[in-house]
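These are my notebook entries on a single protein model. I record what I looked up, entry by entry.

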Amino acid sequence: MGKDGDNKAERGAGAGADRKMFVGVVWNCATELKILLTALLVLCSVATILQFFPPRFSLSSSDLRLCISRISPPLSSSSSSSSAAAADAADAPPPLPLPLPLPPPPPAADREQVLEGGVVKRAFNPYGSAAYNFITMGSYRGGLNTFAVVGLASKPLHVYARPSYQCRWVPHPNSTSTSAAASTAVGFKILPDWGYGRVYTVVVVNCTFPDPVLNADNSGGKLLLLASTSGGGDRSFNYTDTIEVLAEPPGSVDLSIFSSQPKYDFLYCGSPLYGNLSPQRVREWMAYHVRLFGGRSHFVIYDAGGIHEGVLEVLRPWMELGYVTLQDVRDQERFDGYYHNQFLVVNDCLHRYKFMTKWMFFFDVDEFIYVPPKNTLRSVLDSLSGYSQFTIEQMPMSNKLCFVDGAGASRTYRKWGFEKLVYRDVKRGIRRDRKYALQPRSVYATGVHMSQNLKGRTNHKTERRIKYFHYHGTIAERREPCRNLVNTTDLTFDQVPYVLDTTMRDAGGAVKRFELKMIGDRLQRTRQ
């Protein structure tokens, strides 16, 4: 009995000691337990809140570890705490980027209202934009105090409203000239496309300042165009876009270009080329006109999608010799203007090369300029030097009828296009389109068939001096042009009278020899 009582007393004392030890441990670790429980509570709260965020919001495990590391205190001594903190700082991921600001809320829409007397006031709420206010293609200095800005603008805006333009010259901030001061002028707009525009119309803005805007130290500056809708589109607002259209770096203006002799005698400004063009027809056109225009000439070709690899191979020899500049203008197709923005392209060419040539020609690549024997293009244009512009009469040629002689059809097919398409349309009473040439320094804006914005006289009676043969549509067909082989001096085909005209055929041999002399035989295997 006594021994059992002693054992029970010992077990009771041992249990009490265990309880005291547990309480002591809990008491000593109370601070750490509170922090641990707090951290678990915060983690559970974050997990609960995440359920209400949109799916695009995400939080990775590394992000959670970073958050926990910032709120949990060290559990060891101060010496180990500093080393652990340094290690955590080295291993921690980079801080999260700041969230992007939310876009501003849309303006409150006007609501329908019922006024006194039962009148219902309806609401109109505009959204989006139907067309751009202004689209620039090029801006060019035309002298000490004048510039030209060539671009597109909304056609309805110009047809039914009165948009306005203001020009502002801002000198370069580092200018040391005492005459360096900002200047403002009214922009004079010209609409040269004769109303042919579609969604967009061509606008040439002339900026002429009252005084020269070229500093004495040629320190540069920039030209700003302020395009205002003047209530067009929405009469409650006058939107004004400030556009930097030209920047001249210091020392970039060469004043001699405005008074010196031009680099070229003749320069061709082409219309935008598009579609699946015939390399052989382009080859013939280039060889013929380089020979006609001579060594001091240049051709600017605009690619609106028609310069595929075959055509490029034909142009490349002439580009290497410096006769051709090719410009890619395919991006203009984004803006719905007339005929691949033809008026835009020719006006840009006018102002871009205005001081580089004496005469500038405008016609298409299925048209061939011709001057009579014993004359040259130079002698003809010298006789017209008193005019700022002259137009050229058209000789319309059949694009189907080919002359076949006793040598047979196979020989005819081997000839160049203008050698075998020798039947001219002589139907009377039809007004034929004319093409033209001009002296660009006298012209402010131009068109497709002539310019109506120039200083000086125009000559329309040039039939005996110069004309052009038009092989309509042949450039756009990659096939043999001869559909009908005939051997007669005159005929009626599809109710149109034709006569045999060998004017262009007679020049074929000389043109082929000229091509061989200039670029060799590299184009001999050109395909239709």
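**Entry 1: the hairpin and its sheet**

I began with Phe493, which stands opposite Val496 in E25. The model I am reading is predicted. In the same strand, E25, I found Pro497 as the bridge partner of Thr492. I then looked up the pairing as a whole: E24 and strand E25, residues 496-500, are antiparallel and share 4 bridges. Their hairpin leaves 2 residues between the strands, and Asp494 takes a positive phi near 55° there.

I next asked which other strand pairs with E25. E17 does so, in the antiparallel sense, over 3 bridges. On that side I noted Asp425, which stands opposite Tyr498 in E25. The result is an open sheet of 3 strands in the order E17-E25-E24, with antiparallel pairing. Strand E17 (423-425) and strand E24 (490-493) are the edge strands, each pairing on one side only. I recorded an average turn of 35° between neighbouring strands of this sheet, direction ignored.

**Entry 2: strand E5**

I turned to strand E5, residues 164-171, and separated its two faces. Tyr165, Cys167, Trp169 and Pro171 form the covered face, whereas Ser164, Gln166, Arg168 and Val170 form the uncovered one. I then looked for the partners of E5. Strand E8 (residues 221-228) runs antiparallel to E5 and is joined to it by 8 bridges. Strand E6 (residues 183-190) is also antiparallel to E5, with 5 bridges between them. Two residues of the covered face appear in these pairings: Trp169 has Leu223 in E8 as its bridge partner, and Tyr165 has Gly187 in E6.

**Entry 3: the nonpolar cores**

I looked up the largest nonpolar core and found 54 residues in it. Those with the most contacts inside this core are Met286, Phe293, Trp318, Phe361, Leu377, Phe390 and Ile466. Helix H6, residues 279-293, gives the most to the core, with 8 residues. I followed Phe293 further: leaving aside neighbours within four places in sequence, Phe293 contacts Phe266, Tyr268, Phe299, Phe361, Phe363 and Leu377. Apart from this core lies another, of 19 residues, and I noted Val149, Leu223, Leu225 and Ile243 among them. I add the general expectation that in soluble globular proteins nonpolar side chains tend to be buried together.

**Entry 4: H6 against H12**

How do H6 and H12 lie relative to each other, roughly parallel or roughly perpendicular? I read a packing angle of about 90° between H6 and helix H12 (residues 508-519), with their axes 9 Å apart. The two helices are therefore roughly perpendicular, since angles of 65 to 115 degrees are counted in that class. From H6, the contact is made by Arg283, Ala287, Tyr288, Val290 and Arg291; from H12, by Ala510, Val511, Phe514 and Glu515. I sorted the residues of this contact into 6 nonpolar, no polar and 3 charged.

**Entry 5: helix H8 and His351**

I checked the burial of helix H8, residues 342-352. Since 10 of its 11 residues are buried, H8 is largely enclosed by the rest of the structure. The buried residues are Gln342, Phe343, Leu344, Val345, Val346, Asn347, Asp348, Cys349, Leu350 and His351. I selected His351 of H8 for a closer reading. Its relative accessible area is 8%, so His351 is buried, the limit being under 20%. Not counting residues up to four places away in sequence, His351 touches Tyr140, Ala148, Val150, Val204, Val443, Tyr444 and Ala445.

**Entry 6: Lys420**

Is Lys420 buried or exposed? I found Lys420 in helix H11, residues 417-420, and it is buried, with a relative accessible area of 1%. Beyond residues up to four places away in sequence, Lys420 touches Leu401, Cys402, Phe403, Thr412, Tyr413, Lys415, Glu480, Pro481 and Cys482. I also noted the separation of Lys420 and Cys482: 62 residues in sequence and 8.0 Å in space, C-alpha to C-alpha.

**Entry 7: the protein as a whole**

I closed with the totals. The protein has 12 helices and 25 strands. Of its 528 residues, 40% are buried. Among contacts between residues at least 6 apart in sequence, I recorded that 77% join residues at least 24 apart.

Key:
Residues are numbered from 1 along each chain as its sequence is written. This is a predicted model: local features need pLDDT of at least 70, side-chain atom pairs count only at pLDDT 80 or more; totals for chains, interfaces and linings use all residues. Side-chain values use heavy atoms; hydrogens and water are left out. Two strands pair if DSSP finds at least two bridges between them. Axes are lines fitted to C-alpha atoms, for helices over the stretch in contact, and angles run from 0 to 180 degrees between N-to-C directions. A nonpolar core is a set of buried Ala, Val, Leu, Ile, Met, Phe, Trp, Tyr and Cys residues joined through side-chain atoms within 4.5 Å. Buried means under 20% relative accessible area, exposed over 50%, partly exposed in between (1.4 Å probe, protein chains only). Contact means heavy atoms within 4.5 Å. Angles under 35 degrees count as roughly parallel, over 145 as roughly antiparallel, 65 to 115 as roughly perpendicular and the rest as oblique. Ala, Val, Leu, Ile, Met, Phe, Trp, Tyr, Cys and Pro count as nonpolar, Asp, Glu, Lys and Arg as charged, and the others, Gly among them, as polar.
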